[in-house]
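Visitor: I would like a close look at one part of this fold, taken slowly and with its surroundings described.

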Amino acid sequence: MKVSDILRVKGNTLYTISPEDPLAVALDLMSEKDIGSLVVMEQGKLVGMLTFREVIQQVVKNKGSVGDTRVRAAMDSAPHTCAMDTELDEVRRLMLERHARYTPVMEKHMLMGVISFYDVAKAVVEAQDFENKLLKAYIRDWPEDSPDSRFV
């Protein structure tokens, strides 16, 4: 399974913000849309990723306040990205290694979407469920006169 398969099911709704926008505006948008991340874009290019992790870190730095902080001060300016043809196992491994909950999907410098760790986990579980159903059907239909039927 590839990243493109996840995005095909998930859809292509993207929420972005400018690095110069106030962090409070980003929080309002994240709350309103019930999302955990925003892609930070500047002049049509990916320049960062803002998640609740970065927001919390910034609020702690500001002693409990967002203040007049800009998104640029809080964002991850070097987010790990993946491509549409990246295998799901590779994305899962990289997300685990980096403790990343969200990964932007890029194709030739163009933002195609964002996948979350939830999206990856859901795809893995659905693939395993499908495989389990196939295996159970195969075992149920095992020929009775087969030399290996004594093991079923």
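Visitor: Which residues have the most contacts inside the largest nonpolar core?

Guide: This is a predicted model, in which local features need pLDDT of at least 70 and side-chain atom pairs count only at 80 or more, whereas totals for chains, interfaces and linings use all residues. Numbering starts from 1 along each chain as its sequence is written, and side-chain values use heavy atoms, without hydrogens or water.

The largest nonpolar core (buried Ala, Val, Leu, Ile, Met, Phe, Trp, Tyr and Cys residues joined through side-chain atoms within 4.5 Å) is made up of 13 residues. Within it, the residues with the most contacts are Ile 17, Leu 23, Ala 26, Leu 38, Val 40, Leu 50 and Val 71. Here buried is under 20% relative accessible area, exposed is over 50%, and partly exposed lies in between (1.4 Å probe, protein chains only). Two or more residues of this core come from each of helix H2 (23-33), strand S2 (37-42) and helix H4 (71-74), with helices (H or I, at least four residues) and strands (E, at least two) taken as DSSP runs numbered from the N terminus. Of the elements that contribute, H2 gives the most, namely three residues.

Leu 38 offers a good place from which to look around this core. Once its neighbours within four places in sequence are set aside, Leu 38 is in contact (heavy atoms within 4.5 Å) with Tyr 15, Thr 16, Ile 17, Ala 26, Leu 29, Met 30, Met 49 and Leu 50. Apart from this core lies another, of twelve residues, with Leu 7, Leu 88, Met 95 and Ile 115 among them.

One partner of Leu 38, Thr 16, leads on to strand S1 (residues 16-17), where Thr 16 is found. Thr 16 counts as partly exposed because its relative accessibility is 40%. Leaving out residues up to four places away in sequence, Thr 16 touches Leu 29, Leu 38, Val 39, Met 41 and Leu 111. As for Val 39, it is separated from Thr 16 by 23 residues in sequence, yet their C-alpha atoms are 4.6 Å apart in space.

If we follow S2 onward, we come to Gln 43, in the loop that runs between S2 and strand S3 (45-51). Although Gln 43 is not a glycine, its phi is positive, near 50°, and the residue counts as exposed because its relative accessibility is 80%. His 99 has a positive phi too, of about 55°, and is likewise not a glycine; its place is the loop between helix H5 (88-98) and strand S4 (102-107). A relative accessibility of 57% is why His 99 counts as exposed.

Asp 119 gives a contrasting case, in helix H6 (residues 117-140). Because its relative accessibility is 14%, Asp 119 counts as buried. With neighbours within four places in sequence left aside, the contacts of Asp 119 are with Ile 6, Lys 10 and Val 114.

Finally, the record can be set beside the model. In an unreviewed UniProt entry, "domain: CBS" is listed for residues 6-66 and 75-130; such annotations may be inferred rather than shown by experiment. In the model, residues 6-66 are 43% helix and 25% strand, and the end C-alpha atoms of that span lie 34 Å apart. For residues 75-130, the figures are 45% helix and 23% strand, and there the end C-alpha atoms are separated by 38 Å.
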